[in-house]
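Q: I would like a close look at one part of this model, with the reasoning set out step by step. Please start from a single residue and then go on to its surroundings.

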Amino acid sequence: MRSHLLVLLLLAVLALLPQVAGQYHLTLMIPFFAYGIALLGFNLLFGYTGLLSFGHALFVGIGAYAAAAITSKLGLRSFELILVASAVGAFLVAIPVGLLSVRYTKIFFGMLTLAFGMLFHSFLFKFYDITGGDGGMRVLRPSLLGMDLSTLDKTAFLTGPFYYYCLVLLGFAGLAMWRMVNSPFGLHLKAIRENPRKAEYLGVRVRLYRLFAFLISAMYCAMGGAILAVSTGLADPELAYWTHSGNLVFMVVLGGFANFLGPIVGAFSFIFLQDQLMSLTQYWRFFLGATLALIVILFPRGLMGLLQDLGGRFRAAEAPAPQRISHELGTERVNP
Amino acid sequence: MLSLNDITVDIQNSRILRGISLAVGAGELVCLVGRNGAGKTTTLRTVMGFLTPLSGTITFNSQPLPGMPTYRVAQLGIGYAPEESEVFGDLTVEENIEMPTWTRPRGRPALERVELAYKVFPKLRQYAKRGGTQLSGGERKMVSIARALALDAPLLLLDEPSEGLSPAIIPTISEGIASIRKLGRGILMAESNVHHIPDYADRLYVIERGEIIFSGKPGDVRTRPEVMRVITGTA
């Protein structure tokens with residue numbers, strides 16, 4: 001109950017943010033929403049199913065290029081259509097990729113997904129006529145819920161209607177994921193992560209459930225990719241590059257993959273940490289890497305794990321001193 | 001119900017089972033007794049589809065099992081409680097027990113199956129919201145058997161249900177197994193300790209180095225000193 005209230009409070013704060021925050025920080029919130037959605041899906045596969053993919057940037061790329069193809073090539077502007085096309089495109093690509101990948105686990109799964117990601121990146125890079133090669137493809141401003149917002153300047157569009165659109169989308173994506181992970185489907189995934197053989201004893205179709213998790217994670221990542229592409233106005237092959245897959249892993253580890261909100265916290269922290277470091281030093285990558293190393297060593301459960309530990313200590317300090325019950329005498333006495 | 005005929009199994013080029021044959025009928029409690037490494041767990045795992053026999057047949061209700069994936073064997077109605085009392089630590093006791101009602105939804109209603117599991121091990125009801133990692137060895141064993149029962153399986157395979165438990169908890173497990181038998185479920189129980197074999201067992205198979213060296217009534221085994229020496233570890 002307390003966590004539900006906290007989430008509602010956070011959503012309310014995010015809804016009020018455009019009234020108080022500057023435009024620069026509001027534009028940073030768009031990638032946060034994008035990664036928040038993508039990582040909710042990514043963590044279904046990593047945190048809940050126990051499969052660490054190093055190739056999910058592939059699906060972020062599919063979302064971005066779907067947005068580009070629909071707006072630039074087909075001349076359609078509906079963002080709802082872009083989201084559906086991104087999800088469907090990712091779903092269709094994820095079927096063969098997932099079917100081949102979920103046969104394996106651990107490093108083999110990671111390497112296989114990395115290989116598929118690299119294949120897709122090569123395709124984007126080399127097939128210039130279709131994808132625009134290293135220059136990428138332009139993503140034109142979409143309409144939101146049928147409203148043509150082309151009269152707004154880019155910043156006003158991103159910090160106004162698009163901000164709220166993405167916030168609502170993150171809310172719905174989060175709610176859908178919350179229901180999923182707390183349904184029998186989610187419990188099956190947790191069981192598979194803990195011990196796939198044990199799960200099979202109980203009749204769980206391990207590979208099928210892993211495939212479902214893979215497909216769902218791909219669709220979430222693609223929707224995140226579509227938002228990223230709209231915010232920059234470009235579908236860039238770097239979105240599908242393996243270092244971007246590494247960033248997804250980084251964000252989830254930073255926030256804490258064992259917690260439902262961990263990926264969202266990770267996305268937020270990563271974006272603002274990266275932004276601050278980039279403004280401070282040209283060696284920002286070094287400090288970002290050092291931060292990840294420190295977090296893995298000191299707080300393996302990520303920032304959410306750290307917050308939970310601090311909360312637990314606070315509650316323990318607030319709680320009344322424990323009472324020792326003397327069974328022999330049938331009396332109660334308070335510890336000194 | 002379950003019938004194994006002349007089953008031979010190799011693991012990494014070592015012959016583990018050599019022509020095993022046994023049968024479990026509906027409502028029967030059948031014990032497979034043998035020392036550690038004799039092939040009891042391998043027999044159960046072969047039934048569950050984790051190992052494929054080199055030769056021989058396994059049928060469950062006339063349906064051949066070899067080659068069938070494990071999840072299908074479970075969905076057919078064979079509940080397996082492995083030796084390691086495998087309980088999902090991240091799931092509560094309640095979720096652990098409910099899980100088979102989702103994987104095998106046909107048959108009795110889920111609520112009825114879960115209630116039946118709690119009826120067999122009433123102590124588990126008070127731990128329903130407790131996580132799997134917060135249970136003692138005996139409680140984990142109870143959850144493991146209750147979960148296999150919640151599959152609504154006509155046949156249960158129990159691998160050493162008393163292994164590693166304190167003497168205080170063993171009677172609770174034994175009572176639970178007796179209750180399951182009274183429900184008309186067939187049970188194939190692997191056991192290394194001959195003293196843990198219930199008196200009401202219908203049939204006993206003694207396995208040694210992958211071969212069945214005795215089959216018959218539990219009382220009859222005591223008239224075979226050479227078999228007794230094997231299962232008491234004095235051979």
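Is K40(B) buried or exposed, and what is its relative accessible area?

A: The model is a predicted one. In it, K40(B) is buried, with a relative accessible area of 3%. The cut-off behind that word is 20%: a residue under it counts as buried.

K40(B) has a charged partner. Its side chain meets that of E160(B) in a salt bridge, with N and O 3.6 Å apart. E160(B) is buried as well, at 2% relative accessibility. The two residues belong to separate elements of chain B: K40(B) is in helix α1, which covers residues 40–47, while E160(B) is in the loop between β7 (155–159) and α6 (170–182), so the salt bridge ties together parts that are 120 residues apart in sequence.

A second pair in chain B can be set beside this one. R125(B) and E115(B) form a salt bridge whose closest N and O atoms are 3.1 Å apart. Here R125(B) sits in the loop between α4 (110–120) and α5 (137–150) of chain B, and E115(B) sits in helix α4, so this pair ties together parts that are 10 residues apart in sequence. R125(B) is partly exposed at 42% relative accessible area, and E115(B) is partly exposed at 36%.

Chain A has a pair of this kind too. R301(A) and D309(A) form a salt bridge, with 2.9 Å between the closest N and O atoms. Both ends are partly exposed: R301(A) has a relative accessible area of 39%, and D309(A) has 38%. Back in chain B, R35(B), E208(B) and R209(B) are joined in a network of salt bridges. Over all chains, the search of the whole structure finds 14 salt bridges.

One salt bridge is found across the interface of chain B and chain A. It is formed by the side chains of R193(A) and D90(B), at 2.1 Å from N to O. Polar contacts between the two chains come to seven residue pairs, with both residues at pLDDT 80 or more. On the side of chain B that touches chain A, helices α2 (70–76) and α3 (93–103) each supply at least two residues. The largest share of that side comes from α3(B), with five residues. By type, the residues on that side of chain B are 13 nonpolar, four polar and five charged.

The interface can also be described by its area. Chain B and chain A bury about 2000 Å² between them, and 65% of this is on carbon and sulfur atoms. Three residues of chain B, F50(B), Y71(B) and F88(B), supply 31% of the area that chain B buries against chain A, more than any other three residues. In residue numbers, the contact takes 22 from chain B and 17 from chain A.

Helix α3 of chain B also holds T101(B). T101(B) is buried, at 7% relative accessible area. Its side chain reaches the backbone oxygen of E98(B) at 2.4 Å. Apart from neighbours within four places in sequence, T101(B) is in contact with A110(B), R113(B), V114(B) and A150(B).

In chain A, F91(A) lies in helix α4, residues 79–101. F91(A) is partly exposed, at 30% relative accessibility. When neighbours within four places in sequence are left aside, its contacts are L215(A) and M219(A). F91(A) is also 9.0 Å from F59(A), C-alpha to C-alpha, although 32 residues separate the two in sequence.

That leaves the cysteines. A disulfide is a covalent bond between the sulfur atoms of two cysteines. The count over all chains is zero disulfides. C221(A) is one example: its sulfur is 16 Å from the closest cysteine sulfur, that of C166(A), and this is too far for a bond. The limit used is 2.5 Å between the two sulfur atoms. C221(A) is buried, at 0% relative accessibility. C31(B) is also buried, with 0% relative accessibility.

To return to the starting point, K40(B) is buried at 3%, and its side chain meets that of E160(B) in a salt bridge.

Definitions and conventions
Residues numbered from 1 in each chain as written. Chains lettered and ligands numbered in written order. Predicted model: local features only at pLDDT ≥ 70, side-chain atom pairs only at ≥ 80, totals over all residues. Heavy atoms only, no water. Buried < 20%, exposed > 50% of the residue type's maximum accessible area, 1.4 Å probe, protein only. Contact = heavy atoms within 4.5 Å. Buried area = accessible area lost by both parts, 1.4 Å probe. Salt bridge = Lys/Arg side-chain N within 4 Å of Asp/Glu carboxyl O. Polar contact = N/O pair within 3.5 Å; in protein donor to acceptor, adjacent residues only side chain to side chain. Helix = DSSP H or I, 4+ residues; strand = E, 2+ residues; numbered from the N terminus. Nonpolar A, V, L, I, M, F, W, Y, C, P; charged D, E, K, R; others polar.
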